[in-house]
Amino acid sequence: MANDTFTALAHPIRREIVERLSGGAASVGEASRGLGVSKPTISRHLKLLEEAGVVVRVVEGRTHRLGLRQEALGDVAEWIEVQRTRWTRLFDVLGDFLEESR
């Protein structure tokens, strides 16, 4: 899995944009309203999300609409689930060991 998706989701502003887009496509203004940062900063965050393949942009006249690429988020969810399963198994083994050591 590409680390680009994790990099894209590493910043709280980008996570907020992704969360807002989880409800459906939105204009750039709708997706970024009230985040408390400048338009150039929003543009940089969106560029990173787009380059990572998390967000797609469709230009309709002067309106830029953003949408999520579910596949990119699915890859992240799959990786996290594999890690969760692995760590749960390791903690179970450790718990068993500690119980036997008593």
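Here are five short exercises on a predicted model, each with a worked solution.

**Exercise 1: the sheet**

Task: Work out in which order the three strands of the open sheet lie, and which strands sit at its edges.

Solution:
- Begin with strand 2 (55–60) and strand 3 (residues 63–68), which are joined by six bridges in the antiparallel sense.
- Next, take strand 1 (26–27); two bridges join strand 1 to strand 3, and these two also run antiparallel.
- Put the pairs together, and the order reads 1-3-2.
- Strand 1 and strand 2 are therefore the edge strands, because each pairs on one side only.

**Exercise 2: partners across the strands**

Task: Find the residues of strand 3 that face Glu60, Val56 and Ala26, then look at the turn of the hairpin.

Solution:
- Glu60 stands opposite Thr63.
- Val56 has Gly67 as its bridge partner.
- Coming from strand 1 (26–27), Ala26 has Leu66 as its bridge partner in strand 3.
- Now follow the chain from strand 2 to strand 3: the two form a hairpin with two residues between them.
- Gly61 lies in that turn and has a positive phi of about 65°.
- While you have the strands in view, recall that in a regular strand the side chains alternate between the two faces of the sheet.

**Exercise 3: a helix and its span**

Task: Compare the span of helix 5 with the expected one, and name residues of this helix that are buried.

Solution:
- Helix 5 covers residues 70–101, which makes 32 residues.
- From its first C-alpha to its last, helix 5 reaches 46 Å, close to the 46 Å expected at 1.5 Å a residue.
- Ala72, Val76 and Gln83 are buried in this helix.
- The spacing of Ala72 and Val76 is a good prompt for a general point: an α-helix has 3.6 residues a turn, so residues three or four places apart point the same way.
- Among what covers the buried residues of helix 5 is helix 1 (4–9).
- Asp75 also belongs to helix 5, but Asp75 counts as partly exposed because its relative accessibility is 45%.

**Exercise 4: the largest pocket**

Task: Describe the lining of the largest pocket and say which helix gives the most to it.

Solution:
- The volume of the largest pocket is about 190 Å³.
- Its lining includes Val28, Gly29, Ser32, Ile42, Leu46 and Arg57.
- Sorted by kind, the lining residues are four nonpolar, four polar and two charged.
- Helix 3 (28–32) and helix 4 (39–51) each supply at least two of them.
- Helix 4 gives the most, with four residues.

**Exercise 5: two residues in their surroundings**

Task: Decide whether His45 and Arg20 are buried or partly exposed, and list what each one touches.

Solution:
- His45 is placed in helix 4.
- With a relative accessible area of 8%, His45 falls under the 20% cut-off and so is buried.
- Not counting residues up to four places away in sequence, His45 touches His11, Ile13 and Arg14.
- Arg20 belongs to helix 2 (residues 12–21).
- At 29% relative accessibility, Arg20 counts as partly exposed.
- Leaving aside neighbours within four places in sequence, Arg20 is in contact with Glu30, Ala31, Ser32, Arg33 and Leu35.
- One of these contacts, Ser32, is twelve residues from Arg20 along the chain, and their C-alpha atoms are separated by 8.6 Å.
- Ser32 also appears in the lining of the largest pocket.

Terms used. Residues numbered from 1 in each chain as written. Predicted model: local features only at pLDDT ≥ 70, side-chain atom pairs only at ≥ 80, totals over all residues. Heavy atoms only, no water. Expected span 1.5 Å × (residues − 1). Buried < 20%, exposed > 50% of the residue type's maximum accessible area, 1.4 Å probe, protein only. Contact = heavy atoms within 4.5 Å. 1 Å grid on protein atoms, 1.4 Å probe; cavity = no way out; pocket = protein on both sides within 12 Å on 5 of 7 lines; lining within 4 Å. Points joined across faces, edges and corners; volume = space filled by probe spheres on them. Nonpolar A, V, L, I, M, F, W, Y, C, P; charged D, E, K, R; others polar.
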